[in-house]
Amino acid sequence: MDKFTRLNHPPDTGLLPGNRPVVAPIYQSVKFEFDSVDETVRNWRGDSPGYNYQRSSNPNARQLELTLAQLQGREDCLVTASGVGVLSSTLLSLAKQGDHVLCFVELYAPTRNLIRRLLGKFGVTHTLLSVIDLAGIERALAGKPTRLVMFESPTNPMLRIADIAAITRLARAQGALTVLDNTLAGPHQHGQYDVDLYLHSLTKFAAGHGDVMGGAVIGSAELIAKLRPDFNALGNALDPHAAFLVQRGLKTYLVRYREQSANALRVAGFLARHPAVEAVHYPGLPSHPGHSLARAQMSEFGAVLSFDLRGGAEAAARVAEGLELFAMAASLGATDSLVLPSQLLGARDLDETQRRLAGIGAGTVRLSIGLESIDDLLADLAQALQRA
Ligand SMILES: *Cc1c(COP(=O)(O)O)cnc(C)c1O
């Protein structure tokens, strides 16, 4: 073989049978081949296992999918290139013209936008309520055939707790599918409920280090099989290197989640006693209106919390700017702490009444608590709150 041909056909240094890497390698290959036409035809038709094209599946993405499915307590999973990627693919795959979607003012703003603006363009209608308005949910489901109920718990940034058993029971009775964006609770929680599909931004707690994006939808083998052709057509695939990084992050997932939750509870308690703070929103605090529901539903309360400053928007901005250990940046759930003041807690698509219903105040500040020493976090908050 000529040396220039060799550049495109490098020597095979693959592993011998019986010799294997302990950590699955990154399969950075778009294409996978078989030796015979017959085998290739069977695989391309989906009649035999194995891989053919990275967008459809690859060993790293598949390893991650099976790990996440088991963690959430379901049969199967599909991963995508971002959390918003899994939201858009799932919604486009499930909803059709004439369908009705029940959604909530507390939803992640891009989710609301996808339902109201994008699905709206294709003739999908929606009803917008508060996720804690169970009577309203019951009325909406009884009043109109509904394809999907799209909800979150805890919600962001006000940490409201949805009654998952009640919502899934009401939805099931009316033949509506339930889709729970479970990002804040994480894939180890809420698996005991009758939720049809769990969505996650893997960018947050699953990957955990703020250096890679991903999304996942988890559910029964039957529902995931129905989504798979549309996900392939929409082309949102997670690349092998990103899948590898999320898989690596998952090794420390539970210790991170527990430790960050413990830190967040300490921060919430500290804020609740501070004179500049009017209210703290954290489901782990006994004073939280959803505390007993959260205790029944969750094993950990998570690393995200918010609080309202008596000094309003100006105080919120001064505290956010004054914090030294907390980066003022989007996202949450990683090992480093973050802060966002009310000015950056976007609910710009909501009108005044809907904004009030969502509960975000002028003095609201959201924190995502990381793995820094708790004494350093409390000292930083104490000095920044002096500016409020
Ligand atoms: C961040 C987030 C998303 C979007 O995930 P990306 O990975 O940033 O695209 C969706 N839902 C919730 C609840 C989130 O917090």
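This report describes the ligand site of a predicted model and the pocket that holds the ligand.

**Ligand shell**

The ligand is surrounded by 14 residues, and Gly83, Asp181, Ser201, Thr203 and Lys204 are the closest of these. Sorted by class, this shell comprises five nonpolar, six polar and three charged residues. Helix H4, which spans residues 83-94, makes the greatest contribution to the shell, with three residues.

Oxygen atoms of the ligand pair with polar protein atoms as listed below.

| Residue | Protein atom | Partner | Distance |
|---|---|---|---|
| Gly83 | backbone N or O atom | oxygen atom of the ligand | 2.8 Å |
| Val84 | polar backbone atom | oxygen atom of the ligand | 2.8 Å |
| Ser201 | polar side-chain atom | oxygen atom of the ligand | 2.8 Å |

The ligand taken alone exposes 380 Å², of which the protein buries 93%.

**Surrounding pocket**

The ligand is located in the largest pocket, whose volume is about 780 Å³. The lining of this pocket consists of 43 residues, and those closest to the pocket centre are Tyr108, Asn156, Lys204, Leu332 and Arg366. By class, the lining has 25 nonpolar, eleven polar and seven charged residues.

Several secondary-structure elements take part in the lining. At least two residues each come from H4, helix H5 (109-121), strand E6 (197-201) and strand E11 (338-341). H4 supplies the largest share of the pocket lining, four residues, and this helix also gives the most to the shell around the ligand. Lys204 likewise appears in both settings: it is among the residues closest to the ligand and among those closest to the centre of the largest pocket.

Note on methods
Residues are numbered from 1 along each chain as its sequence is written. This is a predicted model: local features need pLDDT of at least 70, side-chain atom pairs count only at pLDDT 80 or more; totals for chains, interfaces and linings use all residues. Side-chain values use heavy atoms; hydrogens and water are left out. A residue is near a molecule or strand if one of its heavy atoms lies within 4 Å of it. A polar contact is a pair of N or O atoms within 3.5 Å; within protein, one must be able to donate a hydrogen and the other to accept it, and residues adjacent in sequence count only if both atoms are side-chain atoms. Accessible areas come from the Shrake-Rupley method with a 1.4 Å probe; for residues, only the protein chains shown count as cover. On a 1 Å grid over the protein atoms alone, a cavity is a set of points where a 1.4 Å probe fits but cannot get out, and a pocket is an open set with protein on both sides within 12 Å along at least five of seven lines; lining residues have an atom within 4 Å of a point. A molecule sits in a cavity or pocket if more than half of its atoms lie within 2 Å of its grid points. Ala, Val, Leu, Ile, Met, Phe, Trp, Tyr, Cys and Pro count as nonpolar, Asp, Glu, Lys and Arg as charged, and the others, Gly among them, as polar. Grid points are joined across faces, edges and corners, and a volume is the space filled by probe spheres set on the points.
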